[in-house]
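Thank you for asking me to look over this model before you take it further. My comments are set out as short numbered points.

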Amino acid sequence: MPYTSIREAADEIHSGIITPTEMVLETLEQIDETDGDIQAFVTVIREQALQDAEQAERELRTGLYRSPLHGIPIAIKDLIAVKGVPTTASSKVLAENIATENAMVIEQLRKAGAIIIGTTNTFEFAYGPYAPPTRNPWDHTRTTGGSSGGSAAAVAAGMTLGAIGTDTGGSIRIPAACCGITGLKPTYGRVSCYGVIPLSWSLDHVGPLGRSAEDCAIMFDAIAKYDPRDPNSVSGPPSRPATTLIEGVEGRGPLSLQGLRLGIPQDAFVDPIDPEVRLAWKAACRVLEEEGIEIINVELPRPTMDLYRTIQKPEATLAHTQKGWYPTHNELYGDLVRTRLQEGRCIPAIDYLNAQQERRTFASSLRSLMQRVDALVLPTVPTPAIPLELAGKTIEIDGHTEDATTAYLRITMPFNLAGLPTVAFPAGFSATGLPIGLQVAGRPFEEATVLRIVHAYQQMTDWHQRPLPSNTDQNV
């Protein structure tokens, strides 16, 4: 794609330099040229996308301008219902499933004028740490990380300007880090999960992936709305849109970061991490200090993976049981998901309730601590993208042996447990040319603050603008 951001593409569409139809045709051409190697897409919605582009052109000619997303192609994770399109969750269980209505997030995107270009690969029912068969655009031998890997890879490879993913333990932020893009997990309930195939009702979040914080802000503004059909939906407090907070107030210029306090957790919260990740983390902190942010060391409580799994597994099993998928279609599940659903049935109710109580204590402690700071900054994943053959297996990080799935989730899942808004963003590259990602977590409903911080960082650095290596196909 010849554009580096949604904003640039929106400006050219609005000014008539390019039409939505031309934008969609260029997007489809890029998918045709690139996706044979990357395999990010499950379904490409060609005819409907072109029809929607023609409709956007008619509206723009009459002076109707819906939003910066008007005429912009967006990809959707294959968990989110797009009416008339297969929604399979990358599983044989739903191989014949065609969505009969749009998810709330699709309704909101269409109201904003966005064009749904296709659905993207996920791990089966998002119940795994990567998104087979999708390959990392930076190195085709590496994982995309996280079950929203198809969405992240599509953005990183220039096959779409933006995408929507889901995040139960880190699956927006982990692939954003592995693929060198930006991803926002909003406050829990801020974006409706209506029409989204559930994994774990109390942990699931829906959010955007883009090349920059500004791209994510534009998409977030479109999709964040209270929805009575989602019992966990919440309405955020009245505030200016995130895009306004990034761009500044008219007549007064950009909003300064001067005086903001950014918390840095103790090493024990993130260790073990790759030395290159640690260096990138410390370097980013220095950049933000130069912008006027005060860096404060904080002691964060660290929840265990057992706590997370004791909540997530029974909720996943309940969801699949309520849908009538499990155990009715037990033979159609992949081995890993079938095993985890069985494990979810075996967790006693008393253990689940104890875990929820422990979770409340952790979330309360974390929110109390964050009264001292405006946000936290820390690594997203402890290592750059790992080889595909190691996904779900044992890896070594700075001399320590660790299960790869645990390694990928342990720094991101605390913010699912607490429901805090968190933005992952690129902050460097390893010696082997793989992206390194960090994340900024904020207080509830303060998406604008975390987006502002990342936006400021991206104005001072160009990690998010780095082009893919031209010889990526040699790594296949």
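The points below deal with the internal cavities and then with one strand and its partners.

1. Please keep in mind throughout that this is a predicted model. Within the model there are three cavities of 30 Å³ or more, and the largest cavity has a volume of about 160 Å³.

2. The lining of the largest cavity is made up of 22 residues, and those lying nearest its centre are A126, G128, S171, Y308 and L409. At least two lining residues come from each of strand 4 (162–167), helix 11 (305–322) and helix 14 (404–409). Sorted by class, the lining of the largest cavity has ten polar, eight nonpolar and four charged residues.

3. The second largest cavity holds about 50 Å³ of space, and its lining includes L79, A126, T166, C193, D204 and H205. By class, this second lining has eight nonpolar, three polar and one charged residues.

4. Strand 12 (residues 422–429) is largely enclosed by the rest of the structure, because seven of its eight residues are buried, that is, under 20% relative accessible area.

5. Strand 12 pairs in the antiparallel sense with strand 5 (residues 182–185) over three bridges, and V423 of strand 12 stands opposite L184. Strand 12 also runs antiparallel to strand 13 (residues 435–442), to which six bridges join it, with F425 having L438 in strand 13 as its bridge partner.

6. Strands 12 and 13 form a hairpin with five residues between them, and in the turn G433 has a positive phi of about 85°.

Terms used:
Residues numbered from 1 in each chain as written. Predicted model: local features only at pLDDT ≥ 70, side-chain atom pairs only at ≥ 80, totals over all residues. Heavy atoms only, no water. 1 Å grid on protein atoms, 1.4 Å probe; cavity = no way out; pocket = protein on both sides within 12 Å on 5 of 7 lines; lining within 4 Å. Points joined across faces, edges and corners; volume = space filled by probe spheres on them. Helix = DSSP H or I, 4+ residues; strand = E, 2+ residues; numbered from the N terminus. Nonpolar A, V, L, I, M, F, W, Y, C, P; charged D, E, K, R; others polar. Buried < 20%, exposed > 50% of the residue type's maximum accessible area, 1.4 Å probe, protein only. Pairing = 2+ DSSP bridges.
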